[in-house]
Amino acid sequence: MRYRLTFVAGLALGYVLGTRAGRERYEQLMKSARQIAQNPAVRNTAETAAQQGREFAGKAYHAVSDKVGDRVPDSVAERVRSLKERTAHGAGEDDWGTSNT
């Protein structure tokens with residue numbers, strides 16, 4: 001699904017950059033993109049995908065940390081610990097200022 005979405009986004013971007021239709025067609029595409037992005041079904045799907053990604057990342061973290069153990073540099077271990085503490089205390093935002101809900 002991710003590859004299809006990336007392909008469609010690239011196709012749309014290539015069309016917009018390569019077209020000679022001008023500003024009117026660009027505005028038409030942007031309006032369509034906004035409508036799609038504001039669609040509740042699309043937003044719910046994106047949120048579900050983000051939640052699943054966080055769950056898979058957590059599982060991968062535990063699998064890797066069990067295998068790697070104490071072999072990671074202290075700087076990396078400290079960064080991971082600080083991130084875990086921040087999410088455990090419900091900070092609500094990540095490094096980019098977006099919500100983790």
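Reader: Hi! Which side chains meet in a salt bridge here?

Author: Hello! In this predicted model, the side chains of Arg54 and Glu47 form a salt bridge, with 3.3 Å from N to O.

Reader: And how many salt bridges does the count come to?

Author: The count comes to 1 salt bridge.

Reader: What about Arg54, is that buried or exposed?

Author: Neither, really. Arg54 has a relative accessibility of 30%, so it counts as partly exposed. Its partner Glu47 is partly exposed too, because its relative accessible area is 35%. Partly exposed is the class between under 20%, which is buried, and over 50%, which is exposed.

Reader: Cool. Let's zoom out: how many helices and strands are there?

Author: The chain has 4 helices and 0 strands. Starting at the N terminus, the order is α-α-α-α.

Reader: How much of the chain counts as buried?

Author: Just 1% of the 101 residues. The chain exposes about 9000 Å², and carbon and sulfur atoms supply 59% of that area.

Reader: Tell me about α1. How many of its residues are buried?

Author: The count is 0 among its 17 residues, so α1 is hardly covered. Leu13 is a good example: this residue sits in helix α1, and it is exposed because its relative accessible area of 51% is over the 50% cut-off.

Reader: How far is Leu13 from Leu29?

Author: Their C-alpha atoms are separated by 9.9 Å, and the two residues are 16 apart along the chain.

Reader: Which residues form the nonpolar patch on the surface?

Author: Phe7, Val8 and Leu11 do, with about 330 Å² of accessible area together. Val8 lies in helix α1, which covers residues 2-18.

Reader: Why would residues three or four places apart point the same way?

Author: An α-helix has 3.6 residues a turn, so residues at that spacing point the same way.

Reader: New topic! What span should α1 have, and what do its end atoms say?

Author: At 1.5 Å a residue, α1 should span 24 Å, and its end C-alpha atoms are 24 Å apart, so the two values agree. Helix α3, residues 40-68, has 29 residues and should span 42 Å; its end C-alpha atoms are 41 Å apart, which agrees.

Reader: And which residue caps the N-terminal end of α3?

Author: Asn39 does. One of its side-chain oxygens lies 2.9 Å from the backbone nitrogen of Ala41.

Reader: Last one: which elements have the lowest and highest mean pLDDT?

Author: Helix α4, residues 74-88, has the lowest at 78, while α3 has the highest at 87. For the chain, the average pLDDT is 79, and 81% of the residues score at least 70.

Methods. Residues numbered from 1 in each chain as written. Predicted model: local features only at pLDDT ≥ 70, side-chain atom pairs only at ≥ 80, totals over all residues. Heavy atoms only, no water. Helix = DSSP H or I, 4+ residues; strand = E, 2+ residues; numbered from the N terminus. Buried < 20%, exposed > 50% of the residue type's maximum accessible area, 1.4 Å probe, protein only. Areas by Shrake-Rupley, 256 points an atom, 1.4 Å probe, with all protein chains shown as cover. Patch = residues over 30% accessible without salt bridge, like charges linked within 9 Å, V, L, I, M, F, W, Y side chains within 5 Å. Salt bridge = Lys/Arg side-chain N within 4 Å of Asp/Glu carboxyl O. Expected span 1.5 Å × (residues − 1). Polar contact = N/O pair within 3.5 Å; in protein donor to acceptor, adjacent residues only side chain to side chain. pLDDT = per-residue confidence, 0-100.
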